[in-house]
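Dear colleague,

I am passing on the structure we spoke about, together with some notes on its aromatic rings and surface patches. Please look through it alongside the text below.

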Amino acid sequence: MTISSAYSSFTTDVITEYLFGESFEYLDRERFLPNLQPASDSFGAMLPTLRFVPWLSSAMRLVSK
């Protein structure tokens, strides 16, 4: 367990409480799971690619619908 997992659990709880009116309660679990952190890290890693291949973002949106 790392401090980044605990911080990620905290921020996920705060954001979901604010956006959806209910917390996912990651802080109440016995272990801090990475929850949304892997998705956020993957998106951040993709940003340089999307900068040079802007049509890829539109294609990904079409595929996800």
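In which loop is Phe24 found? Phe24 lies in the loop between helix H1 (3-20) and helix H2 (37-52). Please keep in mind while reading that this is a predicted model.

Phe24 takes part in the aromatic contacts, of which the structure holds 2 pairs. One of them joins Phe20 and Phe24 in a stacked arrangement, with 6.4 Å from centre to centre and 5° between the planes. In the other, the centres of the Phe24 and Tyr26 rings are 6.1 Å apart and the planes stand at 70°, so this pair counts as edge-to-face, the cut-off for that class being over 60 degrees. Through these ring pairs, Phe20, Phe24 and Tyr26 are linked into a cluster.

The members of the cluster have these accessibilities: Phe20 is exposed, at 55% relative accessibility, Phe24 is partly exposed, with a relative accessible area of 38%, and Tyr26 is buried, at 13%.

Phe20 and Phe24 also belong to a nonpolar patch on the surface, which they form with Ile15, Tyr18 and Leu19, and which has about 620 Å² of accessible area in total. Because patches are made of residues with over 30% relative accessible area, Tyr26, at 13%, does not qualify.

There is also a negative surface patch, formed by Glu17, Glu22, Glu25 and Asp28. Of these residues, Glu17 is placed in helix H1 and is partly exposed, with a relative accessible area of 40%.

With best wishes

Technical notes: Residues are numbered from 1 along each chain as its sequence is written. This is a predicted model: local features need pLDDT of at least 70, side-chain atom pairs count only at pLDDT 80 or more; totals for chains, interfaces and linings use all residues. Side-chain values use heavy atoms; hydrogens and water are left out. Patches are made of residues with over 30% relative accessible area and no salt bridge: like charges are joined within 9 Å, nonpolar side chains (Val, Leu, Ile, Met, Phe, Trp, Tyr) within 5 Å. Accessible areas come from the Shrake-Rupley method with a 1.4 Å probe; for residues, only the protein chains shown count as cover. A salt bridge is a side-chain nitrogen of Lys or Arg within 4 Å of a carboxyl oxygen of Asp or Glu. Helices (H or I, at least four residues) and strands (E, at least two) are DSSP runs, numbered from the N terminus. Lys and Arg count as positive and Asp and Glu as negative; His and the chain ends are not counted. The place of a charge is taken as NZ of Lys, CZ of Arg, CG of Asp or CD of Glu. Buried means under 20% relative accessible area, exposed over 50%, partly exposed in between (1.4 Å probe, protein chains only). Rings of Phe, Tyr and Trp (its six-membered ring) pair if their centres lie within 6.5 Å; planes under 30 degrees apart count as stacked, over 60 as edge-to-face and the rest as tilted.
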